[in-house]
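I opened a fresh notebook page to look up a few places in this structure. Here is what I jotted down as I went along.

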Amino acid sequence: MSKLVPLEDVHAALRARAKCIDETETVSLTNALNRICAEDIASRIDVPPDDNSAMDGYALALTPDEKTADRVFPVSDRIVAGSVGSPLAAGKAARIFTGAGIPPGANTVVKQEDTSQESDGIRINVDVATGENIRPRGQDIKAGSRIMECGTRIAPQHLGLLASVGRAEVETYRPLRVAIIATGSELIQPPTELRPGQIYNSNSYLLAGLIHRLGMEPVQSINIGDDPQATRDALVSAAGAADCVVTSGGVSVGDEDYVKTAVEEVGHLDLWRIAIRPGKPVAFGSIGETPFFGLPGNPVSCFVTFLIVARPYLIAMQGCSEPVSATYHARADFDYPSASVCQFIRVRVDSSETEPTAVVFPNQSSGVLSSLTWANALAEIDADQAVRKGDVLKIHPL
Ligand code: AMP
Ligand code: MG
């Protein structure tokens, strides 16, 4: 039996192999959410484009060190947001509203709460510092400056930022097409009535969701029996239609596990069997130019290996530069035995206390899919490391 490959070696090998797709698409901002930006973007304009008022109040044209407390200023103008005022003379005030442009000559805004109305103008009750309450042109973004980098996953705040500099479209990598093949003669699709010996195919839905959530397109989802020819045919067809092929099941050492052999026949196998639990029998290879991940059939193993092994590779292929996994720490509220391989166990972390605390799901069998909807995180435990209550754990949020 081949040696188990340590997870770090797997990650390093996959990192070296992952090639970013080079096809891009220009999409409107309304369609850009969760896409990966394929250009470095600089702003053509200053934001804000002009000095404007940060408050509802009165614009003033003050000379250096001019005192304002208890003085009355005649009001010569009224400037609402979206309009441009006329030049303001020293000793005069202009009524101004938040977001309205500062008129030529003005250099300060006093907020209306610091004023009182008089018959001949506005009384200012305080001494105002010159420059107060003005948002200067370019305070947010300077024309020519970089606002976004190639490889950024576009979040709602990026959409806002792009719109703020006048962009309506953005160049993005086209979504990766990921084919899903579920193997197993016992599998049928819901809602068909189960016959003896059958189970529902849950992994195809699980994988489609995981792929979708990464902003990629699940394609060619098919379900095949444990049969060598059907396995070869499905792999070749999927490889022709997708950027990456992901299979579930049939990759272990049983007589009815045909995926590994089929890949060796129609493509090339690079890696098999990784030192993690759950999910040891993971395979990686290629069919023609198309990379291939063979994930185990047990639903929890399939889920965990997708996240820990396949996901970083797919993200790199998609051109995304985001950190692969944003982990954090929590204190274990349980004991857990060591294993000779790295373990990812299902936990629920309570972060409402000053220190996040993790409790463990009692049944860590890799067939217990309901544990994954109970859990909100995986705790990573190094090989040969037992957990003692109070230990600090590395947590991968789900
Ligand atoms: P395998 O990796 O093919 O040996 O499958 C391991 C276990 O996972 C078996 O109990 C299978 O019945 C189950 N299994 C395999 N594929 C799926 C699937 N698509 N959905 C749900 N369970 C599956
Ligand atoms: Mg099977």
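Which backbone atom lies 3.1 Å from a polar atom of the side chain of Q343? I looked it up, and the partner is the backbone oxygen of P337. A reminder to myself before going on: this is a predicted model.

**Entry 1: Q343**

I placed Q343 in strand 24, which covers residues 342-350. Next I checked its exposure: the relative accessible area is 2%, and because the cut-off for buried is under 20%, I wrote Q343 down as buried. Then I listed its contacts, leaving out residues up to four places away in sequence. Q343 touches Y336, P337 and S338, and also R277, A379, E380 and I381. So P337 turns up twice in my notes on Q343, as a contact and, through its backbone oxygen, as the partner of a polar side-chain atom; burial is a separate note, at 2%.

**Entry 2: V27**

I turned to V27, which I found in strand 1, residues 24-28. Is V27 buried or exposed? I noted it as buried, because its relative accessible area of 8% falls under 20%. Its contacts, again without residues up to four places away in sequence, are A32, R35, A168, E169, V170 and T172. I also compared V27 with E39: they are twelve residues apart in sequence, and their C-alpha atoms are 12 Å apart in space.

**Entry 3: ligand 1**

How many residues surround ligand 1? I have 15 on my list, and the closest are E186, N201, S202, G250 and G297. Sorted by class, the shell holds nine polar, four nonpolar and two charged residues.

I then went through some polar atom pairs. E186 has a polar side-chain atom 2.5 Å from an oxygen atom of ligand 1. For N201, a polar side-chain atom lies 2.8 Å from a nitrogen atom of the ligand. With N298 the backbone takes part: one of its polar backbone atoms is 3.2 Å from a ligand oxygen. As for cover, ligand 1 on its own has 480 Å² of accessible area, and the protein covers 76% of that.

**Entry 4: domains**

Last, I wrote down how the chain is divided. Domain 1 takes in 7-23 and 174-317, domain 2 takes in 30-46 and 141-173, domain 3 is 52-135, and domain 4 is 328-397. How far apart do the C-alpha centres of domain 2 and domain 3 lie? I noted 35 Å for that pair.

Conventions: Residues are numbered from 1 along each chain as its sequence is written. Chains are lettered from A and ligands numbered from 1 in the order in which they are written. This is a predicted model: local features need pLDDT of at least 70, side-chain atom pairs count only at pLDDT 80 or more; totals for chains, interfaces and linings use all residues. Side-chain values use heavy atoms; hydrogens and water are left out. Helices (H or I, at least four residues) and strands (E, at least two) are DSSP runs, numbered from the N terminus. Buried means under 20% relative accessible area, exposed over 50%, partly exposed in between (1.4 Å probe, protein chains only). Contact means heavy atoms within 4.5 Å. A residue is near a molecule or strand if one of its heavy atoms lies within 4 Å of it. A polar contact is a pair of N or O atoms within 3.5 Å; within protein, one must be able to donate a hydrogen and the other to accept it, and residues adjacent in sequence count only if both atoms are side-chain atoms. Accessible areas come from the Shrake-Rupley method with a 1.4 Å probe; for residues, only the protein chains shown count as cover. Ala, Val, Leu, Ile, Met, Phe, Trp, Tyr, Cys and Pro count as nonpolar, Asp, Glu, Lys and Arg as charged, and the others, Gly among them, as polar. Domain bounds come from an automatic or database domain assignment.
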